[in-house]
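Here is a friendly walk through one protein model, with an eye on its side chains. Keep the structure open beside you as you read.

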Amino acid sequence: MSRTVKIVLAIVGILILLILVLPFLIPVNQFRPTIEQKASAALARQVHLGNLSFSLLSGSLAADDLSIADDPQFSQSAFLTAKSLKVGVEIMPLIFSKSLNVTGVVIDSPQVTLLRNAGGDWNYSSLGGSTAKSPSSPSNPGQFSVQKLELKNGRITIGNVNTQKRSVYDNVSVTASNVSLASKFPVTVSADLPGGGTFKLDGTAGPLDQTNNVLSPVDAKLTISSLNLASTGFLDPSAGLGGLLDLDATLSSVNGQSETKGSAKLSKALLIAGGSPSSAPVTVDFDTHYDLRKNSGVLDPSSLKIGSAVAHLNGTYVVPTDGAVLRIKVEAQNMPAKDLEAFLPALGINLPKGASLQAGTLSTNLDMDGPTNKMVTTGTVVLNNGKLAGFDLGSKLSAVSSLLGVKTGNDLVIEKLSSNLRMAPEGIKADNFNAVVPAFGTLVGAGTIDSKNRLDFKMAATLSSSASTTAASATPASGVGGLIGKFSGGGGNCKSGGTTIPFQIQGTTSDPKFIPDVGGLASGMLKSQLGCAGNLIPGKSQAGTPNNPLGQLGGLFGKKKPPQ
């Protein structure tokens, strides 16, 4: 063997020996107090490390345990725990001068608990802050810096101090470089969301705000994919809210004022208990400003889109300890009704089987008010020139139309429909319902749709003059037609000249049942909704009208006719 080869082998052998033996010759545990002291000073929290070991190959110190204390105002438990910690160090200063120069920190499988108190403050808000203000600190955190900081395979639990409700985010990863508490540095955060989906924030953070860590500047791009709203833990599942959220936005925060601008898409939306997921996505282009000190925000003029239907949003919101409270105004003009059909199930409204909205425009003016899990929406809705294809109102009102001889056809054409609505978790209430149906007349009334889609409406149908004339000519003069003739002739004190029939709508939105209410169950409603028509309730004694035609018509129906 040549002399050169022997020398090379000898050097290799020495290096191997150094790699194996040197870590045992350097008393690395002597650095543990120094590391704990510097970390505690930088974070303003007590930091504890387990036994330290040194790896020459990776140039790092490893601790088999890590614990960072929580703010005592929030919890006596640890804020962060991890089973292992690696600290990258400069090798030569460590070997020859026992100097510890940190180059990087890697925390593996950390468990972090984020808590919020009744005042809206977070337990991480004081992280690194109080020590930065104290001139007597053993170390100036402004001098703290590390080339790379990494948390991997982490889990973050988020909740409130006084409740047991928690949300858990797994596979959390944080990567930051050139970290300094006194300057801006790049950072990337990613996580798996509860119930599926992913979260990612990519941008810059810092310098650290010395009074409240939450107020530290941030400038980043925020991406959320397939967030299941029902599984976040921030919404009450019993409220019936749900859907999958995708969001692309920019986030900028300076001096405690945060602006978030971007686009959010909500798929399979569910906005009321008893509803079913919408088959059409909702897209919101939004711009919002949030005050991190007051925990309140403003939704600047934004737009909501369902197909080609567009509504405009603006309002305010506050984020107390639990959930959020909204005050949002929704205004829209002439939205294509056909584009809205697929979204109706999310509101607990299912069109009758075989029916579809084929025409019409919808205008609305709504106010959304309250916490997200108890949201109440009130306002007006107006449908113009609508067409509900595949819905024969005449057949649904067969108990009435067969006697009156009125035929509406296979499609329901609505000249105008308006109502005052109140939508809440328990269901929908419709007041001042008024619909003009050219082939039939006018439908007025009020009622509710509960959280199980059950209908309970008290209604009245007033035949138009043309429909009354057609009905009278289509029936024998001595029978029902004679009664209609009396009515259409303007008898009594009513000048409407139309035949008015009270009825109820029961069943469900997908299978409504129209029941004649000749027993007078709708009399109270008719007095308020129809004025003089209330004087013509079947079976009611009328002064000056001894031969009340509706009373005679009531005799043909009986007290209540079962669904047809």
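The sections below cover confidence, salt bridges, aromatic rings and the nonpolar core.

## How far to trust the model

Please keep in mind that this is a predicted model. Its mean pLDDT is 78, and 71% of the residues reach 70 or more.

Two stretches call for some care. Over residues 17–25 the pLDDT stays under 50, and the model has eight contacts beyond four places in sequence for them. Residues 521–564 also stay under 50, with 85 contacts of that kind in the model.

## R45 and its partners

Salt bridges are a good place to start, and the structure holds 14 of them. In one, the side chains of R45 and D70 meet, with 3.8 Å from N to O. R45 sits in the loop between α2 (32–43) and β1 (47–49), while D70 sits in the loop between β4 (66–69) and β5 (78–82), so this pair ties together parts that are 25 residues apart in sequence.

Are these two residues buried or exposed? Both R45 and D70 are buried. R45 has a ring to meet as well: its charged end sits over the ring of F79, 5.4 Å from the centre of that ring.

## A network around K261

Another spot to look at is the salt-bridge network that links E259, K261 and D287. E259 and K261 form one bridge, their closest N and O atoms lying 3.8 Å apart. D287 and K261 form another, at 4.0 Å between the closest N and O atoms. Because D287 lies in strand β16 (residues 282–291) and K261 in strand β15 (residues 257–271), the pair ties together parts that are 26 residues apart in sequence.

How accessible are the three members? E259 is partly exposed, at 26% relative accessibility, and K261 is partly exposed too, with a relative accessible area of 43%. D287 has a relative accessible area of 17%, so this residue counts as buried, the cut-off being under 20%. Leaving out residues up to four places away in sequence, D287 touches E259, T260, K261, V298, L299, D300 and S302.

## Aromatic rings

Across the whole structure there are five aromatic pairs. One of them joins W122 and Y124 in a tilted arrangement, 6.0 Å centre to centre and with 35° between the planes. Both rings belong to partly exposed residues: W122 has a relative accessible area of 21%, and Y124 is at 26% relative accessibility.

What sort of pair do F433 and F457 form? Theirs is edge-to-face, with 6.4 Å between the centres and 75° between the planes. F433 belongs to strand β23 (residues 427–437) and F457 to strand β25 (residues 455–463), so the pair ties together parts that are 24 residues apart in sequence. F433 is buried, with a relative accessible area of 18%, and F457 is buried as well, at 10% relative accessibility. Elsewhere in the list of rings, F391, F503 and F514 form one aromatic cluster.

## The nonpolar core

The largest nonpolar core has 93 residues. Which members touch the most other members? They are L66, L85, L443 and F503.

L443 makes a handy place to zoom in. Not counting residues up to four places away in sequence, L443 touches L393, F433, N434, A435, V437, M459, A460, A461 and F503. Two names on that list, F433 and F503, have come up already: F433 pairs with F457, and F503 shares the aromatic cluster with F391 and F514.

Conventions. Residues are numbered from 1 along each chain as its sequence is written. This is a predicted model: local features need pLDDT of at least 70, side-chain atom pairs count only at pLDDT 80 or more; totals for chains, interfaces and linings use all residues. Side-chain values use heavy atoms; hydrogens and water are left out. Helices (H or I, at least four residues) and strands (E, at least two) are DSSP runs, numbered from the N terminus. Buried means under 20% relative accessible area, exposed over 50%, partly exposed in between (1.4 Å probe, protein chains only). Contact means heavy atoms within 4.5 Å. pLDDT is the predictor's confidence in each residue, from 0 to 100. A nonpolar core is a set of buried Ala, Val, Leu, Ile, Met, Phe, Trp, Tyr and Cys residues joined through side-chain atoms within 4.5 Å. Rings of Phe, Tyr and Trp (its six-membered ring) pair if their centres lie within 6.5 Å; planes under 30 degrees apart count as stacked, over 60 as edge-to-face and the rest as tilted. A charge sits over a ring if NZ of Lys or CZ of Arg is within 6 Å of the ring centre and within 35 degrees of the ring normal.
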